[in-house]
Amino acid sequence: MKKVLSLCLFFLLIPQLVLAEEVTINLDEIDDDLVLDKLEDFEGEPLEIKGEDEDIHSLQKEVEKIAENDAETIEPLDTPINDSPNNAYSIDIDGVYQDVLTEEGQTKWYLFENIEQGKLTVFLQTVNSENIDYDLHFFKLNEETMTLENQLSSTYGPGMNEQLAQISDGGIYFVAVSSWEGYDENTPFYFTVLHSSDYDSQEPDDNIWQATLYNNEINVSGTVDNEFDLDWKMLSLDEEKILNTQLEHNADASYQLDIFDMNLNLLASFSDNQSYNNYVFPEGDYFIRVASTSSYDAMEAYNLSMTEAGPPPSRVNVTRIDSDGGVQGYIDYGYGNFWRIRSNITIHGQLLDNNGNPVPNTPVEFTVVREINNTPISGASTTDSDGNFSVNVNNIGPAAGYLSYYTGYRIHYFDLIPLIASSNGVQLASNEDGVYHFAYSTF
């Protein structure tokens, strides 16, 4: 039975999509429960992620796993061109599709049914041109009133890919791709709809309009739930702050943290599982994005922290120095108690501030100055969450043996050489400022 229905389109005030307030549509042979007949399935080709770091949607990864077959441009089947909700093409979740816009201001429509609760992600790879601006819009069909509701939009500027997400309990959804500026009838755009069963409590946050707001600091756990999942945060600082930043996880995955200003200019990119400390952030607002670069794990959480740095480190407390060559130990060769070393050492201890508090996640460096040729040899590491460190200094080389000490039955030859501690290029006070560099012994 053919039904003639009046479809009222409700929109927020977004100028990129201009549609009539009311459209009469014909939905042919729709069952009462609105299970739609599928049109012909279209197999997708691998999406081509464009751009470098300046493209806010550059994911720096291959996506052939999304679709392995070549796509054919979507053509009208037995229906008119899909330039209205009446004639929307039926698509499948996890499919990759391509289409073209043939005039400025045109909108192409697609619909699909979601039957499982979860997060829906819609990703649009647009035309790579500074003169073409395509936007992405998302609607849910109210099956009682037959109106399109719950609009979401992604409206970045020219040449930028678009993305949005919504948590769904099921239903029929419409995707609209529109031309706000320019078009290219010879170059297709590509899009896909993904379903995620597992996702974090901050979702949906796949674009800047869905970003979660944090004031002055961020300390949050989250997950990356699909190949294209982008977790956006907004950080608002009420004054200039020095922040320590980390993106930590134990997943078998590779993530990246990007920081943008409010005009989406990329300010910095940080790798996962590393510490980035004492960066000065001027007062203002920032967009923060977490994305996978090559792999993800929807079940293993990451932790993102951007917290104000405490007082800078001022001193180290060395608790032990291990050495090779069987000469380690804390001894007195007549010049006071110092640790004895040979060629490869590990220095253990804690980094402290002026108040004696541990300084976590901060670089620390040690340098010994060998007597021969007055040669400096250094090693560095980063403190853990409690300010503890273990720093390796290797290949120190031989000692000259200018000094000697008689033990009662042997003579030990050694040098007393400096041990210098520093952090971020600033020398620190230390409870150990020298070591005995052992050379050899004789009877």
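## A buried lysine and its surroundings in an all-strand model

Lys 119 and Glu 203 are both buried, and in this predicted model they form a salt bridge whose closest N and O atoms are 3.2 Å apart. Because Lys 119 lies in strand E6 while Glu 203 belongs to the loop between strand E11 (189-196) and strand E12 (212-215), the pair ties together parts that are 84 residues apart in sequence. A further salt bridge joins Lys 119 to Asp 206, with 3.0 Å between the closest N and O atoms; since Asp 206 lies in the loop between E11 and E12 and Lys 119 in strand E6, this pair ties together parts that are 87 residues apart in sequence. Asp 206, like Lys 119, is buried.

The side chain of Lys 119 also meets that of Asp 229 in a salt bridge, at 2.8 Å from N to O. Here the linked parts of the chain are 110 residues apart, with Asp 229 placed in the loop between strand E13 (218-222) and strand E14 (230-237) and Lys 119 in strand E6. Asp 229 counts as buried because its relative accessibility is 1%, and Lys 119 is buried with a relative accessible area of 0%. These residues belong to a network of salt bridges that links Lys 119, Glu 203, Asp 206, Asp 225 and Asp 229, within a structure that holds 10 salt bridges.

Glu 116 lies in the loop between strand E5 (107-114) and strand E6 (118-125), and at 47% relative accessibility it counts as partly exposed. Leaving aside residues up to four places away in sequence, Glu 116 touches Ser 168, Gly 170 and His 195. Its C-alpha is 8.3 Å from that of Ser 197, although the two residues are 81 apart in sequence.

For the protein as a whole, the secondary structure comes to zero helices and 31 strands, and 51% of the 443 residues count as buried. Of the contacts between residues at least 6 apart in sequence, 71% join residues at least 24 apart. The exposed area is about 20400 Å², with carbon and sulfur atoms supplying 43% of it.

Aromatic side chains offer another view of the structure, which holds 26 aromatic pairs. One of them, Phe 281 with Tyr 286, is edge-to-face, with 5.4 Å from centre to centre and 80° between the planes; Phe 281 is buried at a relative accessible area of 6%, and Tyr 286 is buried at 8%. The rings of Tyr 330 and Trp 339, by contrast, have centres 4.9 Å apart and planes at 45°, so that pair is tilted. Within it, Tyr 330 is partly exposed, with a relative accessible area of 40%, whereas Trp 339 counts as buried at 13%. Tyr 333, Tyr 335, Phe 338, Tyr 405, Phe 414 and Tyr 436 form one aromatic cluster. Arginines also lie over rings: Arg 340 over the face of Phe 438, at 5.8 Å from the ring centre, and the charged end of Arg 410 over the ring of Phe 443, 4.1 Å from its centre.

Thr 383 lies in the loop between strand E26 (375-382) and strand E27 (388-393), and its relative accessibility of 3% is why it counts as buried. The side chain of Thr 383 reaches the backbone oxygen of Val 359 at 2.9 Å, and a polar atom of that side chain lies 2.9 Å from the backbone nitrogen of Thr 362. Beyond residues up to four places away in sequence, the residues touched by Thr 383 include Leu 351, Pro 360, Asn 361, Val 364 and Phe 389.

Notes. Residues numbered from 1 in each chain as written. Predicted model: local features only at pLDDT ≥ 70, side-chain atom pairs only at ≥ 80, totals over all residues. Heavy atoms only, no water. Helix = DSSP H or I, 4+ residues; strand = E, 2+ residues; numbered from the N terminus. Buried < 20%, exposed > 50% of the residue type's maximum accessible area, 1.4 Å probe, protein only. Polar contact = N/O pair within 3.5 Å; in protein donor to acceptor, adjacent residues only side chain to side chain. Contact = heavy atoms within 4.5 Å. Areas by Shrake-Rupley, 256 points an atom, 1.4 Å probe, with all protein chains shown as cover. Phe/Tyr/Trp six-rings, centres within 6.5 Å; stacked < 30°, edge-to-face > 60°. Lys NZ or Arg CZ within 6 Å of the ring centre and 35° of its normal. Salt bridge = Lys/Arg side-chain N within 4 Å of Asp/Glu carboxyl O.
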